[in-house]
Amino acid sequence: TKIICIGRNYAKHAAELGNNIPSEPFYFIKPTTCYVEDGGNIIYPDITNNLHHELELGVIIGKKMSKVPKEEVMSHVAGYSVTIDVTCRDLQEKCKAEKETMVHIENVLTLIVLLVHFIPAEKLEHNNVENDTES
């Protein structure tokens with residue numbers, strides 16, 4: 001079990017943070033200790049002075065997958081959630097300036113991702129989904 005995140009997939013947000021816009025989004029992992037259930041508390045870590053939150057779409061994969069053909073990916077999706085992603089922006093900026101990875105910081109912090117509500121995949125239609133990295 002792991003939390004896989006996608007970074008810089010929204011061009012406007014990347015630009016807002018002064019980040020280069022990559023040709024493809026990048027992926028990173030947050031430890032499962034970051035998970036907080038619906039109704040749980042997010043604790044403001046003492047090591048930051050600039051805690052940001054972002055509303056995200058969480059996609060819950062219901063079965064193991066590796067090298068799954070594109071046309072079969074959606075059959076692995078168990079559901080979705082409204083997710084709040086919380087980041088220590090000052091520490092992230094420091095790492096970026098020093099060309100260090102955020103891995104050590106993200107692993108120190110707990111209670112980062114809040115899954116608000118689970119929506120089973122069968123409740124939604126997937127036929128109108130588009131990849132929009134420009135907005």
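A polar contact here is a pair of N or O atoms within 3.5 Å; within protein, one must be able to donate a hydrogen and the other to accept it. That definition will be needed inside strand β5. Keep in mind throughout that this is a predicted model.

Start with the whole chain. The protein chain has three helices and six strands. From the N terminus, their order is β-α-β-β-β-β-α-α-β. The chain holds 135 residues, and 27% of them count as buried. Its accessible surface is about 9,800 Å². Carbon and sulfur atoms hold 54% of that surface. Now take the contacts in the chain with a separation of 6 or more. Residues 24 or more positions apart account for 69% of them.

Next, go to strand β5, residues 77-88. Nine of its twelve residues are buried, so the rest of the structure largely encloses this strand. Its partner to look at is strand β4, residues 51-61. β4 and β5 pair in the antiparallel sense, over eleven bridges. One pairing can be picked out by name: His53 has Val86 in β5 as its bridge partner.

Two residues of β5 show the polar contact defined at the start. Thr83 lies in this strand, and Ser81 does too. The side chain of Thr83 makes a polar contact with the side chain of Ser81, at 2.9 Å. How accessible are the two? Thr83 has 6% relative accessibility, so it counts as buried. Ser81 has 2%, so it is also buried; the cut-off for buried is under 20%. The contact therefore joins side chains of two buried residues. A general point about strands helps when viewing this region. In a regular strand the side chains alternate between the two faces of the sheet.

Move back to β4 and find Ile61, which belongs to that strand. Is Ile61 buried or exposed, or in between? At 40% relative accessibility, Ile61 counts as partly exposed. Which residues does Ile61 touch, not counting residues up to four places away in sequence? They are His76, Val77 and Ala78. Ala78 is 17 residues from Ile61 along the chain. The C-alpha atoms of Ile61 and Ala78 are separated by 5.4 Å.

Between β4 and β5 runs a loop, and Lys67 sits in it. Its backbone deserves a look. Lys67 has a positive phi of about 55 degrees, although it is not a glycine. Is Lys67 buried or exposed? Its relative accessibility is 83%, so Lys67 counts as exposed. The cut-off for exposed is over 50%.

Finally, turn to the surface. Ile4, Ile6, Tyr27 and Ile29 make a nonpolar surface patch of about 450 Å². Which strands supply the patch? β1 (3-7) and β2 (26-30) each supply at least two of its residues. Ile29 is a good residue to select in the viewer. Ile29 is found in strand β2. With a relative accessible area of 53%, Ile29 is exposed.

To retrace the route, begin at β5, which is largely enclosed by the rest of the structure because nine of its twelve residues are buried. Step across to its antiparallel partner β4. Follow the loop between β4 and β5 to Lys67. End at the nonpolar patch, with residues from β1 and β2.

Methods
Residues numbered from 1 in each chain as written. Predicted model: local features only at pLDDT ≥ 70, side-chain atom pairs only at ≥ 80, totals over all residues. Heavy atoms only, no water. Helix = DSSP H or I, 4+ residues; strand = E, 2+ residues; numbered from the N terminus. Buried < 20%, exposed > 50% of the residue type's maximum accessible area, 1.4 Å probe, protein only. Contact = heavy atoms within 4.5 Å. Areas by Shrake-Rupley, 256 points an atom, 1.4 Å probe, with all protein chains shown as cover. Pairing = 2+ DSSP bridges. Patch = residues over 30% accessible without salt bridge, like charges linked within 9 Å, V, L, I, M, F, W, Y side chains within 5 Å. Salt bridge = Lys/Arg side-chain N within 4 Å of Asp/Glu carboxyl O.
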